[in-house]
Structure formats: structure tokens, C-alpha cells
Amino acid sequence: MRLTIRTNDARTNHDLTNHYGKRTSRLRRVQTAVCALLSLSMLLAFAAAASAYSHPASSVTSGELAAIKAKVSANQSPWKEAYDLMMVDANAGLSVTSHAVAVWNIPGYYADAAGHNAAKGLIEEDAKAAYATALAYQFTGNTAYADKAKELLNGWAYTNTSVTGTDGPLASAYLGVGLVQAADLIKGYSGWSTADQTQFKNWIASVWLPKWDGMSSRNNWWDWSLYAQLSYYQFTDDATAFAAEVANLKTQIDTSIDANGFLPEEATRGTNSLWYHYFALSPMTAAAEVVRNTTGEDLFNWVSPSGKSIKLAADKLFYYVNGHIGEWPYSSNTGFPAALNSNQYPLNMYEGLAEIYQNTDYEIYVTQYRPVEGVLNGVNYHHFAWVYPTLLRTDIPVIPGPGYAKIEAESYSGGYKISTAATVDEGGGLMVRSTDNNDYVYYTNLNMGTGTNAFQLRYATPNTDGTVEFRTDSPTGPLLGSLLLPSTGSWSTYATATIPVTGASGIKNVYMVFKKASSGSVADINWFSYTTYTTIEAESFSSQHGLSVSATADPEGGGNKLGSTDNGDYAVYNNVNFGSSGVSAIQVRYATPNTNATIEFRIGSPTGTLLGSLLLPATGGWGDYSTVSVPVTGATGVQNLYLVFSKPASGSVADVNWFRY
């Protein structure tokens with residue numbers, strides 16, 4: 001905007017200038033001052049308007065919410081399941097009443113664990129309820145949820161006057177940030193009055209903010225302080241203070257992470273050192289998310305002048321938690337859970353980071369535990385970094401199966417009463433041995449893609465009474481498949497057996513369990529392997545001729561089907577990758593009452609090189625689906641694949657749901 005001041009006193013006549021010189025000079029100075037004041041006033045007004053941030057933005061932005069709500073409405077997995085779990089928390093939160101106290105005293109955990117947990121529980125329950133109900137309000141628009149969040153925020157804002165105790169500053173940061181982010185979610189709610197919002201801001205500023213800003217330790221305490229302060233300054237639209245904390249966060253990244261990605265301040269914690277690495281990185285990464293949502297600045301990929309970065313530390317910790325706990329250099333007893341679940345660290349952090357970094361390894365790590373919610377302390381969230389991370393993602397990529405996967409037996413993540421030794425089998429290396437009854441080994445995060453129907457097991461045994469089982473989740477978990485192993489003749493004679501499996505799909509922890517009625521080992525195991533399917537939905541063609549797409553009631557896959565498959569019609573699927581070793585068969589899921597209908601797989605054109613064809617057996621009716629295997633030859637590399645329909649009489653060949661190889 002241009003500011004214009006008009007005056008008739010600025011004259012060029014020499015006599016008038018002499019006559020009125022002093023008066024004109026004074027007037028000009030007054031006019032200049034007025035202009036400067038008006039300009040400054042307007043600049044300040046514009047600056048204030050420009051500094052106002054979008055809300056919500058601390059834990060999730062309005063744009064992200066719109067995309068996520070669409071996925072929930074469409075019942076897309078895992079968003080719908082994650083939403084349902086969040087709503088369980090929100091509905092339970094409706095019955096929570098404020099636990100606010102005037103003096104909130106948190107004794108040190110290591111001096112008084114019981115007292116610490118009891119006092120901390122006052123905020124844990126309120127923060128969980130406030131954040132969940134505020135988020136539920138954003139999803140549903142139901143003001144009952146917003147009113148509950150407001151009630152809990154007001155309860156503390158009008159009641160609490162001080163925070164005391166050794167762990168008071170830290171707990172107020174890692175739990176209080178949940179209240180601040182709940183406030184951000186309902187900031188635009190008309191039912192939360194300006195007076196109440198002002199009271200909340202002033203309470204944080206006078207009671208909690210001095211505790212956060214006054215922390216002297218530059219370990220995880222300062223990480224939580226920065227996260228809490230950034231969330232608060234985002235909520236209050238204080239761009240100057242926000243920028244100052246961004247600078248502090250950069251300093252913390254540079255000074256708290258060493259050249260190898262470890263956090264020296266947390267490495268001194270002995271058996272708790274691994275947990276404290278997570279407990280420092282969790283708020284550091286969550287703080288970077290607040291910055292990215294608020295100003296767009298990317299601190300996730302920022303590298304300090306000395307080469308330190310969040311990514312360096314996140315990757316370092318990931319190496320150990322992803323199957324290498326036994327190599328953790330700071331303690332032989334890390335206390336890391338033997339079996340993860342959706343509410344254990346560090347899954348929540350890596351669920352969030354997987355999307356940010358587009359990291360496939362992170363994705364594989366968290367996939368089988370979705371929906372991930374947070375880190376529980378009893379029934380409440382222990383801290384408020386990366387709570388509901390599955391729900392608050394906007395995209396989750398499909399991780400393709402590996403095609404062919406060979407797992408060396410000795411590469412296990414853990415086991416019970418087994419050992420390894422050199423093997424004389426082809427390929428050399430090590431084998432797993434001492435496989436007595438109920439012994440087992442397990443392999444984390446095996447990617448079986450859209451499915452496999454068999455494991456190939458390379459083994460040696462002179463016995464005939466030993467069985468190998470493949471299970472998921474635990475040594476007694478769901479059974480994928482088992483086989484009573486035939487004798488190979490001796491411990492040095494190896495053979496490969498095929499073990500049929502069902503339910504072997506997706507990313508899972510797979511247990512190889514040994515069973516034997518008599519004493520002694522079941523077998524020496526060199527490796528096992530499997531080949532995963534690549535599934536192509538029939539309706540996902542690149543182009544087609546004469547076909548239609550409609551819904552299918554097939555219990556295997558559902559979705560849509562390909563229909564109107566008359567003689568000479570075809571569908572084209574570009575860039576189908578059969579791999580360098582190729583495939584020998586393509587399975588087709590179809591329905592037809594006919595017995596004179598054929599499907600062909602060709603490459604290049606509808607009349608191109610024939611890979612294979614099959615006269616389809618009748619399935620009984622258009623609503624009855626079956627799966628057949630079409631033998632193929634020459635299916636290698638990346639090809640444009642044609643699915644061609646052939647029938648001597650009029651009418652459709654078949655309805656096709658999908659095919660896989």
C-alpha cells in the first residue's frame with residue numbers, strides 16, 4: 001500500500017520561502033515525523049498480520065487434515081483403523097474431568113518413582129483426553145469434543161500457579177506440549193472465548209514457559225524444551241520468539257549429535273542409554289515437524305557446518321533397533337522390548353520419519369505394527385511427540401515384494417538355544433544347528449509382498465522324526481506352514497524341501513520353530529527362500545479394447561473387475577517387470593460359466609509373441625470365482641503385457657479380478 005500526504009505549504013516561491021522559512025521548515029519536520037509514524041504504524045500492522053501462522057499446524061496442518069479425512073471417509077486402510085483407535089481415546093476423554101492442581105510437584109523419577117508417576121499421571125490423562133478430543137473435533141466438527149478439550153485446558157489455565165520438583169520442568173514440557181497442541185487444534189473454535197484463550201496463553205507464559213526456558217541441561221531436557229516452546233510460539237503467533245527457538249534447535253542438532261550420529265549426553269545412561277537416545281531424538285524430530293508445518297523450513301535435511309543432522313542420528317539409532325540390538329555399544333542390557341507392539345518406542349517416531357524421508361527401510365520396520373498410536377505409560381501416553389503418527393500421515397507407499405528372497409539361516413534376529421557352525425553345503429558360510437525340540441530362530445520384517453505359497457528350505461538331517469514350522473509374531477503364533485522333514489542321509493548331505501504356506505503375505509516377523517519327539521537336533525539349516533507374487537488388478541490397465549469395469553463381489557480382493565471380454569477384446573499393461581530370471585506361470589482370478597473361453601498372454605501387441613494361454617474351466621457362474629495357473633515361457637524383463645480374450649461363440653470369456661506372477 002502506498003501512503004500519500006498532500007499539503008499546500010510546500011512552495012517554491014523564493015520570497016515566500018524567505019518569509020515563511022522557519023515556519024515551513026518546522027512544518028516539514030512535523031509532516032515528515034507524521035509520515036514516518038504512519039508508515040511505521042502501517043508496517044507494524046502488516047508485519048503483525050504477516051506473522052500470524054496458520055492453525056492448526058503444530059502436529060498436523062489443515063491441508064493434511066483434509067487429505068486424511070478423505071481417506072478415512074473412504075475407509076482406506078490403515079487410516080480408518082487409526083482413526084477408530086483415536087476416536088476410542090476421544091470418546092473416553094469425554095468423561096475425563098480436570099486433574100488440575102495449584103502446585104504441581106513432580107519428584108525425580110530415580111529418587112521417587114512412585115511419587116513421580118502419581119503426580120505425572122495428573123497431566124497424562126488430561127493431555128491425552130484434551131489432544132484426542134481436539135483432534136476428534138477437527139475430524140468430526142462435533143463441538144462436544146471441542147468443549148471437552150476447552151474444559152481441560154481451562155482447568156489447568158485457571159488453577160495451576162506453579163510447577164515444582166526435580167522433574168517438574170521436564171514433565172511439564174513432554175506432557176504440557178500435548179495441551180499446547182490441543183489448544184492449537186481448537187484455536188479457531190468460537191466456543192473457546194478470547195478471554196479463555198488469553199488466560200491459557202498467559203498461564204503458559206508465566207508458569208510453564210520459565211521452566212522450559214530455564215532448563216540448563218542440554219540433553220533430552222533441552223530437546224523437550226525446544227519442542228514445547230516452538231509449539232507455544234506457533235500457537236501464539238510469535239514469529240520473533242519462534243525464529244529464536246529455531247536457531248536454538250539448529251545449535252542443539254549441531255552440539256548434541258556427534259560425528260557418528262550418537263548422542264553423547266544420552267550415551268552415559270548405561271542400560272537406559274538406548275531409550276534416552278530415542279527420548280532425545282523424539283522431541284528433536286517432532287520440533288522439526290512443527291517448524292516445517294509452520295514456516296516450511298526443512299530441518300530434517302538440514303546439515304550443520306560441522307556435518308551434524310537429524311537424519312544422521314535417526315539412521316544411527318535405526319540400525320540398532322532394526323535387528324542389531326545386541327551390537328549397541330553402550331550397554332549389553334538395553335532393556336529394549338523383545339517383541340514390539342504398536343504402542344512401544346521407537347515405532348511412533350519412525351512411522352512419522354518414514355513419510356518425511358520417504359525411507360523404505362523405515363516403512364518396512366513399522367508396517368506390521370500399524371496403526372501406530374504412541375508410547376504408552378499404562379493406558380496414557382508417556383509423552384506427546386509423534387502421537388497418532390499413522391493417522392496423521394497423508395501417504396503410505398505400497399512396498400513391492402522382493403520377487404525372489406533368499407534368507408541365510410544364520411542371519412536371524414534372535415533365537416532360543418540354537419548355535420551356528422560352518423557348513424559344507426554349496427555356497428559355504430554358516431548353518432543353524434542344535435535345533436532341538438521347541439528351539440527356534442526368528443527373522444524380523446520379512447517382506448512377502450502380496451503373498452507366496454511356499455518356502456524352500458535347504459537342510460541336512462539323518463533323522464525322520466523332525467518337523468520345521470514357520471510361524472508369525474511368536475514361536476506359538478499363527479502357523480504359516482510345516483513339514484516333517486525327510487532324511488537326507490547324513491548331517492553332511494543337503495537337500496531342498498518345499499514347505500507349502502498360507503497367509504504368508506505382507507511384512508512380518510517369521511519364526512522357524514523346530515519340533516521333535518525324541519532327543520537331538522531336527523536338522524542343520526543353511527537357508528530358506530521364497531518367491532513373492534506381483535499382483536496386478538485387472539482394471540488397472542494402461543489401455544484396452546472393448547472392455548468394461550464394474551464392482552465385483554469376489555471375496556479375494558473385492559474392488560473392481562474387468563468385464564465385457566468378448567472375442568478379440570484385450571487389455572494392455574505397460575512396463576510389467578518379470579525380473580531377469582523371469583516367471584514360469586501367471587495366476588488369474590476369474591469367473592465364468594463357459595467352457596469354451598480362452599485367455600492369452602502376449603507381449604508387444606494383441607497378436608504379438610504368445611507367452612501362454614489356457615482354456616478356462618467353468619467356475620459355475622459369473623459370481624463364482626476361481627484361480628488358475630497359466631504356464632508361460634519367455635516372460636522375462638520389462639514388457640508391455642497384453643491380456644487377450646478368445647471365444648468362438650458370442651458373449652464374454654470371463655470376468656477377471658486380478659492376475660499375479
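**A helix pair and an open sheet**

I would like to begin with a contact between two helices, in which Trp-222, Asp-223, Leu-226, Gln-229, Leu-230, Tyr-233 and Gln-234 of helix 9 meet Ala-241, Phe-242, Glu-245, Val-246, Asn-248, Leu-249 and Gln-252 of helix 10. Sorted by class, this contact of helix 9 with helix 10 has eight nonpolar, four polar and two charged residues. Please keep in mind throughout that what we are looking at is a predicted model.

Now to the geometry of that pair. Two packed helices are described by the angle between their axes and by the distance between the axes. Here helix 9, which covers residues 220-235, and helix 10, which covers residues 239-256, pack at an angle of about 160 degrees, and their axes are 9 Å apart. Since angles over 145 degrees count as roughly antiparallel, helix 9 is therefore roughly antiparallel to helix 10. As for handedness, helix 9 and helix 10 make a left-handed crossing.

Let me turn to the strands. There is an open sheet built from five strands, in the order 6-9-14-11-12, and the pairing in it is antiparallel. At the edges stand strand 6, residues 414-416, and strand 12, residues 479-484, each of which pairs on one side only. From one strand to the next, the twist averages 20 degrees.

I will finish with a closer look at one edge of this sheet. Strand 11, which spans residues 466-472, pairs with strand 12 in the antiparallel sense, and five bridges link the two. If you would like a position to find on the screen, look for Phe-470, which stands opposite Gly-481 in strand 12.

Technical notes. Residues are numbered from 1 along each chain as its sequence is written. This is a predicted model: local features need pLDDT of at least 70, side-chain atom pairs count only at pLDDT 80 or more; totals for chains, interfaces and linings use all residues. Side-chain values use heavy atoms; hydrogens and water are left out. Two strands pair if DSSP finds at least two bridges between them. Helices (H or I, at least four residues) and strands (E, at least two) are DSSP runs, numbered from the N terminus. Axes are lines fitted to C-alpha atoms, for helices over the stretch in contact, and angles run from 0 to 180 degrees between N-to-C directions. Angles under 35 degrees count as roughly parallel, over 145 as roughly antiparallel, 65 to 115 as roughly perpendicular and the rest as oblique. A crossing is left-handed if the near helix is turned anticlockwise from the far one by less than a right angle, and right-handed if clockwise. Contact means heavy atoms within 4.5 Å. Ala, Val, Leu, Ile, Met, Phe, Trp, Tyr, Cys and Pro count as nonpolar, Asp, Glu, Lys and Arg as charged, and the others, Gly among them, as polar.
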